[in-house]
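Open the model in your viewer and keep the sequence alongside. The stops below are given in the order in which to select them.

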Amino acid sequence: MHLSTHNWMRAEPLEVTLKRIKKFGYESIEISGEPEQYKTKETRALLKEHGIRCWGSVTLMLGERNLAAKNQGQRERSVQYVKDVLTMVSELDGEIITLVPATVGKVVPDGTEAEEWGWVVDATRECFAHAKKVGVRIAVEPLNRFETYLFNRGAQALALADAVSPECGVCLDAYHIHMEEFNVYDAIRQVGKRLFDFHVADNNRFAAGLGQIDWPKIVGTLKEIGYDGALTNEFVAPVDRTPAAPYPEMVERNPVDISPEQLKFIQDHGSSVLTEKFYTDQMRITAETLLPLIK
């Protein structure tokens, strides 16, 4: 296992991110799933310069992106988006994408269970065919029920992976599984060898170590099943707008280099654009919590 991180949680130049995470012992990064933001030749050079490899990316299913949409054109556009993310990761020598099949924040179905299952399986199979062509693995990620109605538990993600291919896998997220699973450790064991990626944030979605999750037991269970991939940092710190705020200086009041869509995506997660100091502290705390357990 090694320590990785997403970078979609704060809008800043990639070089700034890479300098920070290298200092704290991160080995790789999951690039934000926005292929139009990255020129892969330049990004490869930056990664090499800072000694950080691309582990992969995560699909940012905002707006109209939805592999389970009733509208065929919408599904086709969503498939093309996933293909573009896969191509980006391949060009960055990455290994994996974590696929969130449905729009984040959408909690109302478009059709019957059978209809939606057919739509999402067919769309994911098309994405998987492209993944095979470009040499990148797909891991289906379930989210909690307040972010999607479709895939909330590891068993559900595994069912989609099984319907696509034995080579399709699953990504679990410590924050989500502590909300949705009957037993988080059994959920990890059930996915077993099909676990391709593991995202980390504490039960309050702050950095690992700032909540109630038993990280030694989580990492121990991952070792038990032989998991040797990334523990990818994905804290989405909730903003407290009251006088009880423990971190009153966490919000960046004058954000730059962030699109309205990205800002909405972050705000829809109950967070906001974070200050550099607060963000850096969260990166450091995660590393200090997890690296001793990995090693």
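The tour of this predicted model goes from an annotated span to strands, helices and cores.

**The annotated span.** Select residues 19–242, which an unreviewed UniProt entry lists as "domain: Xylose isomerase-like TIM barrel". This span is 42% helix and 16% strand, and its end C-alpha atoms lie 33 Å apart.

**Strand β3.** Next select β3 (53–59). Six of the seven residues of β3 are buried. On one side, β3 pairs with β2 in the parallel sense over six bridges; look for Ser28 opposite Arg53. β3 is also joined to β4 (residues 96–99) by three bridges, again parallel, and here Gly56 stands opposite Ile96.

**The crossovers.** Show β2, α2 and β3 together: they form a right-handed β-α-β unit. Then show β3, α3 and β4, which form a right-handed β-α-β unit as well.

**Helix α2.** Select residues 40–50 and colour Thr40, Thr43, Leu47 and His50, which are buried. They lie on the same side of α2, because the arc they cover around the axis is only 100°. Now add Lys41, Glu42, Lys48 and Glu49: these exposed residues sit on the face turned away from the buried side of α2. To see what the buried residues of α2 pack against, display α1 (14–24), β2 (28–33), β3 (53–59) and α3 (72–91). Just after α2, stop at Gly51, where phi is positive, about 70°.

**Helix α5.** Move to residues 154–164 and pick out the buried Gly154, Ala157, Leu158, Leu160, Ala161 and Val164. They too share one side of their helix, since their arc around the axis of α5 is only 160°. The elements covering these buried residues include α4 (113–134), β5 (137–140), β6 (169–173) and α7 (184–191).

**The cores.** Which members of the largest nonpolar core touch the most other members? Select Leu67, Ile138, Ile188, Leu195, Phe198, Ile218 and Leu231, out of 87 residues in that core. Apart from this core lies another, of six residues, including Trp55, Ile96, Cys171 and Ala230. Ile96 has already appeared on this tour, opposite Gly56.

**Leu67.** Finish by centring on Leu67 and showing its contacts beyond four places in sequence: Met61, Arg75, Ser78, Val79, Val82, Leu99, Pro101, Trp119, Val120, Ala123, Thr124 and Cys127.

Technical notes: Residues numbered from 1 in each chain as written. Predicted model: local features only at pLDDT ≥ 70, side-chain atom pairs only at ≥ 80, totals over all residues. Heavy atoms only, no water. UniProt positions renumbered as here; feature names shortened; annotations may be inferred. Helix = DSSP H or I, 4+ residues; strand = E, 2+ residues; numbered from the N terminus. Buried < 20%, exposed > 50% of the residue type's maximum accessible area, 1.4 Å probe, protein only. Arc of directions from axis to C-beta. Contact = heavy atoms within 4.5 Å. Core = buried A, V, L, I, M, F, W, Y, C linked by side-chain atoms within 4.5 Å. Pairing = 2+ DSSP bridges. Right-handed = clockwise from strand over helix to strand, strands pointing away.
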